[in-house]
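Visitor: I am new to this structure. Please take one part of it and go through that part closely, then place it in the rest of the chain.

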Amino acid sequence: MGLGKLISLAALLAILAASTGQLPRVIYAVHMAKLHLIKESQSSNWGRAMLLPASK
């Protein structure tokens, strides 16, 4: 599937969701998917960042 067809499909789905009143639900689902993707891509071995001590 080419990029142009994918963009057309996404636009068609957005128009369909908006016309049926489901656009807020779709936007919420996309946000949740992005948060899950970010959470799953975090490394569990990194730990917390060490900050340099500030001198006064």
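Guide: Helix H1 is 17 residues long, and from its first C-alpha to its last it reaches 24 Å, close to the 24 Å expected at 1.5 Å a residue. The model is a predicted one. H1 covers residues 3–19, and leucine 16 is found in it. Leucine 16 has a relative accessibility of 49%, so it counts as partly exposed, a class that ends at 50%. Leu16 also belongs to a nonpolar patch on the surface, together with Leu3, Leu6, Ile7, Leu9, Leu12 and Leu13. The accessible area of this patch is about 700 Å² in total. Just after H1 comes glycine 21, with a positive phi of about 80 degrees.

The other helix is H2, residues 23–41. Its 19 residues should span 27 Å at 1.5 Å a residue, and its end C-alpha atoms are 27 Å apart, so the two values agree. The number of buried residues in H2 is zero, so H2 lies largely in the open.

As for the whole protein chain, it has two helices and zero strands. Of its 56 residues, 2% count as buried. The accessible surface of the chain comes to about 5,800 Å², and carbon and sulfur atoms account for 69% of that surface.

Technical notes. Residues are numbered from 1 along each chain as its sequence is written. This is a predicted model: local features need pLDDT of at least 70, side-chain atom pairs count only at pLDDT 80 or more; totals for chains, interfaces and linings use all residues. Side-chain values use heavy atoms; hydrogens and water are left out. Helices (H or I, at least four residues) and strands (E, at least two) are DSSP runs, numbered from the N terminus. Buried means under 20% relative accessible area, exposed over 50%, partly exposed in between (1.4 Å probe, protein chains only). Accessible areas come from the Shrake-Rupley method with a 1.4 Å probe; for residues, only the protein chains shown count as cover. Patches are made of residues with over 30% relative accessible area and no salt bridge: like charges are joined within 9 Å, nonpolar side chains (Val, Leu, Ile, Met, Phe, Trp, Tyr) within 5 Å. A salt bridge is a side-chain nitrogen of Lys or Arg within 4 Å of a carboxyl oxygen of Asp or Glu. The expected span of a helix is 1.5 Å times one less than its number of residues.
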